[in-house]
Amino acid sequence: MQLLCSFFFSLFSSFPNAVLSPTLCIIRLLGFAFDAVLVSTACAGLRRSTGINAARMLQDKMSNPALRTATGAYFRVGEVVLDKTIQFAQNLNENKDRDDRRIDSSKKDDDRKN
């Protein structure tokens, strides 16, 4: 684990001889994973809005089938994240509309009473 942490630290640090704790190594790896998902999601949004398919462009240039499969899985993660984000935003909007209707109906009831 220490060797792996030192490798990543030397790649992405200006202090190549520094010792990296395993916790910091895991935090950095999680940060890289988050950035990778963010890039994949951005590519999914680009594909949906413009039709430019980055996954297809990359896979057409690859000859290794295992690498093609891994690249396809990477970009599918972005599609799933984008789908879930859109679904979450739609649910928020529906809940807001429902709350607005409830508030409007309670205002009408208050106006009728007065």
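This is a short talk on the salt bridges and the aromatic pair in one predicted model.

Hi everyone, and thanks for coming. As you look at the structure, please keep in mind that the model is predicted. I'll take the charged side chains to begin with, and then turn to the rings.

So, how many salt bridges does the structure hold? The count is 3. Let me walk you through them.

Start at Arg47, whose side chain meets that of Glu79 in a salt bridge, at 2.8 Å from N to O. Where do these two residues sit? Arg47 belongs to helix H2, which covers residues 22-50, while Glu79 belongs to helix H4, residues 65-113. The two are 32 residues apart, and the pair links distant parts of the chain.

Now, is Glu79 buried or exposed? Glu79 has a relative accessible area of 18%, and the cut-off for buried is under 20%, so Glu79 counts as buried. Arg47, on the other side of that bridge, comes out at 31% relative accessibility and is therefore partly exposed.

Glu79 has another partner, Arg48: their side chains meet in a salt bridge at 2.9 Å, N to O. Arg48 is in helix H2 and Glu79 in helix H4, so this pair ties together parts that lie 31 residues apart in sequence.

Stay with Arg48 for a moment. Which acidic residue does Arg48 reach at 2.4 Å? That is Asp83, with 2.4 Å between the closest N and O atoms of the salt bridge. Again the pair links distant parts of the chain, with Arg48 in helix H2, Asp83 in helix H4, and their positions 35 residues apart. Arg48 is partly exposed at 37% relative accessibility, and Asp83 is partly exposed too, with a relative accessible area of 38%.

If you put these bridges together, Arg47, Arg48, Glu79 and Asp83 are linked in a network of salt bridges. On your screens, you can trace this network from Arg47 to Glu79, from Glu79 to Arg48, and on from Arg48 to Asp83.

Let's move to the rings. The structure holds 1 aromatic pair. The partners are Tyr74 and Phe75, with ring centres 5.0 Å apart and 70 degrees between the planes. Why is the pair called edge-to-face? Because planes over 60 degrees apart count as edge-to-face, and here the angle is 70 degrees.

The two rings also differ in their exposure class: Tyr74 is partly exposed at 29% relative accessibility, whereas Phe75 is buried at 10%.

That's my tour, and I'm happy to take questions.

Notes:
Residues are numbered from 1 along each chain as its sequence is written. This is a predicted model: local features need pLDDT of at least 70, side-chain atom pairs count only at pLDDT 80 or more; totals for chains, interfaces and linings use all residues. Side-chain values use heavy atoms; hydrogens and water are left out. Rings of Phe, Tyr and Trp (its six-membered ring) pair if their centres lie within 6.5 Å; planes under 30 degrees apart count as stacked, over 60 as edge-to-face and the rest as tilted. Buried means under 20% relative accessible area, exposed over 50%, partly exposed in between (1.4 Å probe, protein chains only). A salt bridge is a side-chain nitrogen of Lys or Arg within 4 Å of a carboxyl oxygen of Asp or Glu. Helices (H or I, at least four residues) and strands (E, at least two) are DSSP runs, numbered from the N terminus.
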